[in-house]
Every structure is written in structure tokens, then in C-alpha cells.
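Student: I'm new to this structure and would like a close look at a single part of it. Could you walk me through that part slowly?

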Amino acid sequence: MQGKTIVITGATSGIGEVAALNLAAQGARIVFIARDKKRADALLGQLPGDAAHAYHLADLSTLAEMKRAGAAIAEATPKIDVLMNNAGALFAKRKLNVDGLEMTFAVNHMAYFVLTNLLLDNVKAAPPGARIVSTASAAHHGAQLDFSDLQSARGYSAYGAYGRSKLCNILFTRALARRLEGSGVTANCLHPGFVNTRFGDSAGGVTAAAFKLAKLSAIPPEKGAETMLLLASSPEAASHNGAYFDRCKAVTPSAAAQDDAAAERLWEESAKIAKL
């Protein structure tokens, strides 16, 4: 990874932080998006190596902030060797952002979609073997997309909305991979496992309490980051495009996650929402 540039979201804690520190130790330059300046400064101070690491402050729950961050990175970072979409959230109660989007859908799917599209030319400008890695989840199993209710207005539940957002991540990866064929760039996604991180802590109510209890048996972030690091750095991963990984191996996702018609429709609907 010496001399390569990595752009990563969700890097100030959990598996994203582990990945950023690990890749920096391998000689990569880390550029990350953070919402909290204090956490961003803390990570920046910990990143090893002599590369010109940098961060951009943005709240990836709104379209305007997604676009602002994407444009700023695109201008400042001409070539991106690895784009890692990793930021995510879960909300106990249904909340809408300023764009009228349900927050889980906005943060977990639309931020991936918008940033990737805005940075795609920069990734393509990198040497062959550039990659886009997105954090999905086994929580997609059992989820189905209702294109008449992508904002979960009917029968909202925290876990239901989260599972659908993770299904979106896999469908997005499949649609993106098809668009990248022949470009020298690959796109894959992963399930990191149930990891003991800050994830779910701010969900609120019994949801946050349930996560706190469940984390007693969760794996450490170092273990959870292994598949992410494999997809970002290993030569073997370059032979995969549009795959879903679990425990460092390509595995078959749910039937709903293999629906190419749904993947294309989600791409089209997302482009309309983002006005891209």
C-alpha cells in the first residue's frame, strides 16, 4: 500500500479506525471524512507514517453535506486508489433528514451512492487495481426492498430499516460493479461480523440497551476489520468484482441481494433522489 491514497468514511472508531491505522502503517495516505472535529484530530494524530494524511468534516446524513464533502475530496485528491464506504448508523425511531429522507437510508445507502459517484473519476484515474469497498452486513438476510416505501414510512422498525439499508449496500455494489467492467476498477462489499464498537450506542431507547448487552459477545474491531483490509489491500481480492465477502471469503448473499433488476432500479431511484 506504499504511496497509495485511501479515502474512507467512518474512520474515527471501530473497524474503520482499525483499517485506517493499519493501511497507514503499510505506507498509505489516509483521507477520511468525519463528523466530529475532536475525533478527527485524534485519529489524524495517531496515523503512522510520513504521508500527508488529511480529513474533511461533514455530516453524511444530508445530501448537501455528502455533495460538499465529495466535491472537496475530488478537488484535493486527483487519484484515489481505494474508496472505502464504511460510515453507518441505526436509529431506534424513524427520523427524517432535511431532505425528507429516512435517516438510516440516507446515512447507510445514499452517502455511499453520492460519494462514490462524485469520486468515481478520481478512482478511475488511479493505476489499474483501484478498488471500491463498501461495508454491508449479514443483517441484509430476510430484508426486502419496497420501492413504493424506500423511506420506511409504513411500519418502521430500527432493525428492519437497518437490514434494508444493508441490502441496498449489496445491490449498489452489484450495479456499480457492472458499470466498472473493463475499467480496471473493482467494487466489492463485506459483512464484518458483529463487532464491539460504538455502533448503536446513540440509537436511543431499548435499541441502544440491546446493543450494549449484545456486545458482550461481539468480536473486537481488529477481528472485524480483517475482511475490509483484505478487500482494500490483497492482490487476490482484485480478481473479484461485485462480490459479497464474509470472514475473508466471497459468499452468496440472500436471493434479494442477487436481484439485478432491483439493483438497477435502486440505482435509478438513488440517482433521482441525489439529482446526479
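Student: Leaving aside its neighbours within four places in sequence, which residues is Thr-9 in contact with? Please take your time, and show me the part of the sheet around it too.

Tutor: Happy to. One thing up front: this is a predicted model. Now to your residue. Setting aside neighbours within four places in sequence, Thr-9 is in contact with Ile-33, Leu-60, Met-84, Asn-85, Asn-86, Ala-87 and Leu-115. Thr-9 sits in strand 1. Its relative accessible area is 4%, and since buried means under 20%, Thr-9 counts as buried. Look across to Phe-32 as well: that residue is 23 places away from Thr-9 along the chain, yet their C-alpha atoms are separated by 5.7 Å.

To see what surrounds Thr-9, let's step back to the sheet. Eight strands make up an open sheet, in the order 3-2-1-4-5-6-7-8, and the pairing is mixed. At the edges stand strand 3 (54–57) and strand 8 (249–251); each has a single partner strand, so one side of each is left without a neighbour in the sheet. On average, neighbouring strands here are turned by 25° against each other, direction ignored. As for what holds such an arrangement together, strands of a sheet pair through backbone hydrogen bonds, either parallel or antiparallel.

Now follow the order from strand 1 towards strand 3. Strand 1 (residues 5–9) pairs with strand 2 in the parallel sense, over five bridges. If you want a place to put your finger, try Thr-5: its bridge partner in strand 2 is Arg-29. Between these two strands the chain goes through helix 1 (residues 14–25), and this β-α-β crossover is right-handed.

What about strand 2 itself? It covers residues 29–34, and five of those six residues are buried, so strand 2 is largely enclosed by the rest of the structure. On to strand 3: four bridges join it to strand 2, and these two strands run parallel. Here you can pick out Ala-34, whose bridge partner in strand 3 is Leu-57. The chain gets from strand 2 to strand 3 by way of helix 2 (residues 37–46), in a β-α-β crossover that is right-handed.

That helix deserves a pause, and Leu-44 is a good residue to stop at. Leu-44 belongs to helix 2 and has a relative accessible area of 29%, which makes it partly exposed. Not counting neighbours within four places in sequence, Leu-44 is in contact with Phe-32, His-53, Ala-54 and Tyr-55. You can also compare its position with that of Ile-30: the two are 14 residues apart along the chain, with 8.9 Å separating their C-alpha atoms.

Over in strand 3 you'll find His-56. You may remember that strand 3 stands at an edge of the sheet, with a single partner strand. So is His-56 buried or exposed? With 18% relative accessibility, His-56 counts as buried, because the cut-off for buried is under 20%. Leaving out residues up to four places away in sequence, His-56 touches Val-31, Phe-32, Ile-33, Ala-34, Ala-72 and Ile-73.

Let's also glance the other way along the sheet. In the strand order, strand 1 has strand 2 on one side and strand 4 on the other. Strand 4 (residues 82–85) is joined to strand 5 by four bridges, and the two run parallel. One pair to look for is Val-82, which stands opposite Arg-131 in strand 5. Two of the residues that Thr-9 contacts, Met-84 and Asn-85, fall within strand 4, residues 82–85.

Last, a quick stop in the loop after strand 5. Between strand 5 (131–135) and helix 5 (158–180) lies Ser-152. Most residues other than glycine have a negative phi. Ser-152, however, has a positive phi of about 55° although it is not a glycine. Ser-152 is also buried, at 2% relative accessibility.

So, back to where you began: Thr-9 is a buried residue in strand 1, and Ile-33 and Met-84 are among its contacts.

Definitions and conventions: Residues numbered from 1 in each chain as written. Predicted model: local features only at pLDDT ≥ 70, side-chain atom pairs only at ≥ 80, totals over all residues. Heavy atoms only, no water. Buried < 20%, exposed > 50% of the residue type's maximum accessible area, 1.4 Å probe, protein only. Pairing = 2+ DSSP bridges. Axes fitted to C-alpha atoms, helices over the stretch in contact; angles between N-to-C directions. Right-handed = clockwise from strand over helix to strand, strands pointing away. Contact = heavy atoms within 4.5 Å.
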